[in-house]
Amino acid sequence: MAGMCKMGSVLKFIGGVLNKAVSFVVFSVLDLLDFILCYGYKVADFCIEAEWRPCYCSSAKEAITSSGKILVSEQGESKIVSLNSSKLQLEDISDTLYSRPSLVAEVSKLTVNELKKFKLDGTAKTKKGSTRSTFTINSIIVEMLQGKMVGRQLHHIPTWSDCDCKFCNSWTSSSKDTLYVKAQGPKDNKAREDVIFIHGFISSSAFWTETLFPNFSNTAKSTYRFLAVDLLGFGRSPKPADSLYTLREHVGMIEKSVLEAYEVKSFHIVAHSLGCILALALAVKHPGSIKSLTLLTPPYFLVPKGEAATQYVMRKLAPRRVWPVMAFCTSLACWYEHISRTICLVICKNHRLWEFLTKLVTRNRVRTFLMEGFFCHTHNAAWHTLHNIICGTSTKLDRYLDVVRDRMKCDVNIFHGKDDQVIPLECSFNVQKKIPRARVKVVENKDHITIVVGRQKVFARELEEIWNRSSRSH
């Protein structure tokens, strides 16, 4: 028996070494490929749309001279500083957008820096003596914001590499600049309570409407008004090409499209994955309105002292490994701006073909709502949301959870699939450590998606129980 255990340990060690060795080779090749694609897309963009599209491969230290907005970055945290309607605003931008260290990236950066000599080192003196801080200004943000400052409207026309079908661009035909919301419940405002559903990364409101909505009891359907939203950049919601998809933008659009449009005063929240971050941000802004928080696989990582939070979270989510498969997929999405754009070009732009082939192969036996949610987004939306929300909010989540623990009395429930390979199980228990009253349920044999899909009837009953318990406690 002891010999078998020792053999298992040896095989595990060998497997780990092989995974690291193969991963180093594969990702070095991918680094080079992304570098080449950078110039390929610059040429393609210029030839097709007659303009260069900025990317994050350029130098991270460049000056801005003619705009009212700048990006300042210090110690892993970045903010847009802007003057809007005589009010100073700050919007957080993750430094992982333009700082993803790799062998090829470092070499290419030296080359680009030699070609582009525009650099500005801003210094600021604090009130306490002569302590100095250095701020860096990122070129992609500068170019995007300069376009905004001259009064340009939201870019409604999709880029050549984005899908141009009616479904993906249905938002362009509406005069309302709001998110798509699927509402279900009693008419004439007879619902006693509201429930807001927030989906996760590269998903849509169909994740809820096609699974949970049909399985709620008649009592729940007559008691609650269900509001499932497509996040900014996803599903049928607006996908502005000049948006940076920051936390402020996402939360602001939810407030405008759901809370204000439907006159929501108090509500329950059900959120999945990335949506959990938005749910916490929304709850902190409206602490007196939250009746319950239900979080599915919340991406909350405990950052060791001395580590740059944004970079640490990026490496936890995307470890640059070929195995397991989900680690490889998240690494492609997180580390490579141009490879991920190519994936969107092949899959998202041609989603109608992939959906047709899927129905053909399966003889129309497979429901494609998950495919629709996965396909219906732009690369710009996915790229910025991934970095600015999941990575960029890593320095905020501790404060959000402290507010929920100390200032709010709402019921907090957490669900996590034991087989989830996207968000590790430890994340849910990390939340419980911050909020001791939170209940954590680990669901056996379920992963990141099947925590809902496949057990929707059971989960619908669990949610109804949570809402009833919360209503009685209030």
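1. Half-buried overall: of the 474 residues in the chain, 50% are buried, where buried means under 20% relative accessible area, exposed over 50%, and partly exposed in between, using a 1.4 Å probe and protein chains only. Keep in mind that this is a predicted model, with local features needing pLDDT of at least 70, side-chain atom pairs counting only at pLDDT 80 or more, and totals for chains, interfaces and linings using all residues. Residues are numbered from 1 along each chain as its sequence is written, and side-chain values use heavy atoms, with hydrogens and water left out.

2. On the general make-up, the chain has 16 helices and twelve strands. Those are DSSP runs numbered from the N terminus, helices being H or I over at least four residues and strands E over at least two. Among contacts between residues at least 6 apart in sequence, 77% join residues at least 24 apart; contact here means heavy atoms within 4.5 Å.

3. Now the sheet. Seven strands make an open, mixed sheet in the order β6-β8-β7-β9-β10-β11-β12. The edges are β6 (181–184) and β12 (439–443), each pairing on one side only. Pairing requires that DSSP finds at least two bridges between two strands. From one strand to the next, the twist averages 15°. Helix α7 (residues 274–285) packs on this sheet and touches β7 (193–198), β9 (267–272) and β10, with its direction at about 150° to that of β9. Such angles run from 0 to 180 degrees between N-to-C directions, and axes are lines fitted to C-alpha atoms, for helices over the stretch in contact.

4. β9 deserves a look of its own. Six of its six residues are buried, so the strand is mostly covered. In a regular strand the side chains alternate between the two faces of the sheet. In β9, Phe267, Ile269 and Ala271 sit on one side and His268, Val270 and His272 on the other, and all are buried. β7 and β9 run parallel and are joined by five bridges, with Ile196 opposite Ile269. β9 also pairs in the parallel sense with β10, over six bridges, and there His268 stands opposite Ser292.

5. Carry on to the next pair: β10 (residues 290–296) and β11 (residues 411–417) are parallel too, joined by five bridges. Leu293 has Val412 of β11 as its bridge partner.

6. How do α8 and α13 pack, in angle and in distance between axes? Helix α8 (residues 309–317) and helix α13 (residues 379–391) make an angle of about 115°, with axes 9 Å apart. On the α8 side the contact uses Thr310, Val313, Met314 and Leu317, and on the α13 side His387, Ile390 and Cys391. By type, those contact residues are five nonpolar, two polar and no charged; Ala, Val, Leu, Ile, Met, Phe, Trp, Tyr, Cys and Pro count as nonpolar, Asp, Glu, Lys and Arg as charged, and the others, Gly among them, as polar. Seven of the nine residues of α8 are buried, so this helix is largely enclosed by the rest of the structure.

7. A quick geometry check on α10 (residues 337–348): at 1.5 Å a residue its twelve residues should span 16 Å, and the end C-alpha atoms are 15 Å apart, which agrees. The expected span is 1.5 Å times one less than the number of residues. Buried residues in α10 include Cys344 and Cys348.

8. Those two cysteines come up again at His377, in the loop between α12 and α13. His377 is buried, at 9% relative accessible area. Neighbours within four places in sequence aside, its contacts are Ile202, Gly233, Phe234, Lys239, Cys344, Cys348 and Ala382. The C-alpha atoms of His377 and Asn169 are 9.7 Å apart, although their positions lie 208 residues apart along the chain.

9. Finally, some backbone spots to inspect. Most residues other than glycine have a negative phi, and most peptide bonds are trans. Trp323 and Pro324 are joined by a cis peptide bond, with omega about 0°, and Pro324 is in the loop between α8 and α9 (325–335). Arg320, in the loop between α8 and α9, has a positive phi of about 55° and is buried at 17%. Ala50 has a positive phi near 60°, but at 60% relative accessibility it counts as exposed.
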